[in-house]
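Look over the sequence and the fold shown here. The notes that follow take a few loops and helix pairs in turn.

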Amino acid sequence: MTTGEDDRAEERIAELIELIRYHDQRYHSDDASEIPDADFDQLKRELIELETAHPELGRPDSPTQTVGADPSTLFAPVKHRVPMMSLDNAFDRGELIAWADRARRRLVAIHARRAAEEASNQGVLLLAGEPDGKEAGDEGLAEIEEPSVQLGDLVCELKFDGLAVSLRYENGRLVQAATRGNGRVGEDITANILTLKSVPHLLPAGAPQVLEVRGEVYLPLAAFDVLNAQQEAEGKPRYANPRNTAAGSLRQKDPTVTATRGLSMWCYSVGEVQGGPTLTTHSATLEYLEGLALPVNPETVTADSVDAAWEFVNECEARRHDLPYEIDGAVIKIDRLDLQQELGSTSRAPRWAVAYKLPPEEKTTKLHRIQVSIGSKGKATPFAVLEPVFVGGSTVEMATLHNQDQVKAKDVRPGDTVVVRKAGDVIPEVLGPVLAERPDELPEWDFPEICPCPHQQPLVREEGDAAHYCYFPRCPEQLRGWIEHFAARNALDIEHLGEQRVGLFIDLGFISDVSDIYSLDYERIRKLEGFGELSAANLAAAIEASKQQPLARLLVGLNIRHLGDTTSELLADALGDLDKIMAATVEELAEVDGIGPIMAESVHEFFQSEINREIIEKLRAAGLNFAGDASPYEAQALPQTLEGMTIVVTGGLEGYTRDGVGAAIKARGGKSPGSVSSKTTAVVVGENPGASKLDKAEKLGIPVLDEAQFHRLIETGELP
């Protein structure tokens, strides 16, 4: 970089700072903006880019650095040149051993196939299993033994509870930082990363031409405590946990906020690399990164066996609360990079690494009451009202107790001290009572016989069912959930009709069943507090648009017990008309592929209800679509390239809605169910795919296609 270029950059940075200050003042203080928002955003982008390219020219009074500056522009997308993948999980020693066994077996198969191909190229046919290693007797035949393949050393690392990021260095200079995002595209957080003291802006001489470093940004516990002390001093609520606070701090639009949070980072792998030394192991890679002054965690060790790796896992669990940062497990990786390359990856995770998840934390607290909630289908679910307790990263005040049998089996009683766990670190669960602390004569809890709604209807538990139900169709507790479900995105998708508005309309008597949505009095609604002409018009437009939703969506919205999204679609496809579904016998319904006898009985029973039929007729009068899938693909005479195929799609595909991709498959003669089975032809993976579908596809040996392969499939009907 020449002196002249440095001078021009410094002059432009000074000019941008003054321009941004001026327009900031005109916009925020004077309420008289002189340039469009997009132009203002471009000025800030240019400043961030210059400061990133010339960190030595950074000024403490820059709008990207000073406290109280305008929030920076929305994060720009960053496409990862090497995808940032997730990790498969292991939850016990057996699963860790199983991971290692799968990796070794795959390597054996790869090496055996390679040996066979090499021998075939030399004109030698290799046979496996000839006795005593003798030749087969014919010229050109020889024995091949199963290759002896070992995984070698394993690298054991802590699994940090933070946010995965990528740092890109070019010629030793940090030029870009990004979040993992969906693994292929993340968010540009360069300006925020530059505020972290642990991240070098420049690497020592001799750094590769391009070095992309992956790692985890985290919030040290000491910094977390300081932040919460500040929150309390200012009368603000405490932050819930270090992980969420770290993620929120790193994704601030204003980098100066990030700078005050005390974030730090550990580096644990590399992505794209151009130049630099040839490294053969992951452990050598970590040593190399450490030599470049990048932060590498010192707790990383090398193990010579799975047993040794398991010892590391046990040490992690024992020391979990002694570390100055939070961890949620350990990561075990095969050390040799050539074996990593041979093993490759599934569509979501490398086969050469696994994350061992530590057991969820458990705490004790007081059980104040057991109450019952009524769901949208009338299901009565008991739940525990607890003395608030911080566990698994958040404060828990309520936890499910599932059903009457679970309460009885756990023998939990109001007044007990109970053990609470965050199952999977997500769902609060009551494990059981601490009997040593139970007060004398504490009575058992009895499941109520009457619904908690004002109508005092009985709760019914049918033979063979673990749950109780309120069958009164106009139960307000049930009605509230049903209407919210009816308006949900996977059903009629009615925007502007959320939980609060549903509750308000029920309380005011505007809605007594789902059909009343289509006869709302907008004149009265406009007069309500918080409403106006525009909000009422938006609601009316969303309700009107919902009338065109396909039959499958309407079936979902009717909230029929046992009938879900996928089975609603199967039923709509098979019978094609709501009147035919209503008139069908249990036997006829059960004949539909994917609809079993229990589901058929439930559907039939729903439509036999006089109250439900009245609701259906009001929906008919309102003009809802009763006649199957009004898909734009139906009118097209498309080649039946997918005839006889069953294609499961997981994740979003560019150019398709969730319903649209299924319609495209069906229009070409294929089936598009929502779950993977042995009958599945292929699984198509888009953005943010579901892990369970991918795992099942891999276990069943079903082909997994990316978006480009899917497009070729629907055009040609040929699997890659």
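Is Ala293 buried or exposed? Ala293 is exposed, with a relative accessible area of 51%. The cut-off for exposed is over 50%, so this residue meets it. The model is a predicted one.

## Two loop residues with positive phi

Ala293 sits in the loop between α8 and β11. Its phi is positive, at about 70 degrees, although Ala293 is not a glycine.

Asn171 is another non-glycine residue with a positive phi, here about 55 degrees. Its loop runs between β6 (163-170) and β7 (173-179). Asn171 is exposed, with a relative accessible area of 66%.

## Asn297, a buried loop residue

The loop between α8 (282-291) and β11 (301-303) also holds Asn297. Asn297 is buried, with a relative accessible area of 5%. That value counts as buried because the cut-off is under 20%.

What does the side chain of Asn297 reach? One polar atom of this side chain lies 2.9 Å from the backbone nitrogen of Glu299. A polar contact of 2.9 Å also links the side chain of Asn297 to that of Tyr325. Setting aside neighbours within four places in sequence, Asn297 is in contact with Leu158, Phe160, Trp266 and Tyr325. Tyr325 thus appears both in this contact list and as a side-chain polar partner.

## His80 and its surroundings

His80 is placed in the loop between β1 (77-79) and β2 (89-90). His80 is buried, with a relative accessible area of 7%. A polar atom of the His80 side chain lies 3.1 Å from the backbone oxygen of Thr179.

Which residues does His80 touch, not counting those up to four places away in sequence? They are Ser166, Ala178, Thr179, Arg180, Gly183, Arg184, Val185, Gly186 and Arg214. Thr179 is on that list, and its backbone oxygen is the one paired with the His80 side chain.

## Helices α3 and α9

Two packed helices are described by the angle between their axes and the distance between the axes. For helix α3 (residues 93-121) and helix α9 (residues 306-318), the angle is about 140 degrees and the axes are 11 Å apart. The two helices are therefore oblique to each other. The crossing of α3 and α9 is right-handed.

From α3, the residues in contact are Arg93, Leu96, Ile97 and Ala100. They meet Val306, Asp307 and Trp310 of α9. By class, this contact has five nonpolar, no polar and two charged residues.

## Helices α12 and α13

Helix α12 (residues 476-486) packs with helix α13 (residues 499-507). Their axes come within 10 Å and cross at roughly 135 degrees. How are α12 and α13 oriented to each other? They are oblique, because angles over 145 degrees would be needed for roughly antiparallel. α12 passes α13 in a right-handed crossing.

On the α12 side, Leu479, Arg480, Ile483 and Glu484 take part. Across from them in α13 are Glu499, Val502, Gly503, Ile506 and Asp507. By class, the contact of α12 with α13 has four nonpolar, one polar and four charged residues.

Definitions and conventions. Residues are numbered from 1 along each chain as its sequence is written. This is a predicted model: local features need pLDDT of at least 70, side-chain atom pairs count only at pLDDT 80 or more; totals for chains, interfaces and linings use all residues. Side-chain values use heavy atoms; hydrogens and water are left out. Helices (H or I, at least four residues) and strands (E, at least two) are DSSP runs, numbered from the N terminus. Buried means under 20% relative accessible area, exposed over 50%, partly exposed in between (1.4 Å probe, protein chains only). A polar contact is a pair of N or O atoms within 3.5 Å; within protein, one must be able to donate a hydrogen and the other to accept it, and residues adjacent in sequence count only if both atoms are side-chain atoms. Contact means heavy atoms within 4.5 Å. Axes are lines fitted to C-alpha atoms, for helices over the stretch in contact, and angles run from 0 to 180 degrees between N-to-C directions. Angles under 35 degrees count as roughly parallel, over 145 as roughly antiparallel, 65 to 115 as roughly perpendicular and the rest as oblique. A crossing is left-handed if the near helix is turned anticlockwise from the far one by less than a right angle, and right-handed if clockwise. Ala, Val, Leu, Ile, Met, Phe, Trp, Tyr, Cys and Pro count as nonpolar, Asp, Glu, Lys and Arg as charged, and the others, Gly among them, as polar.
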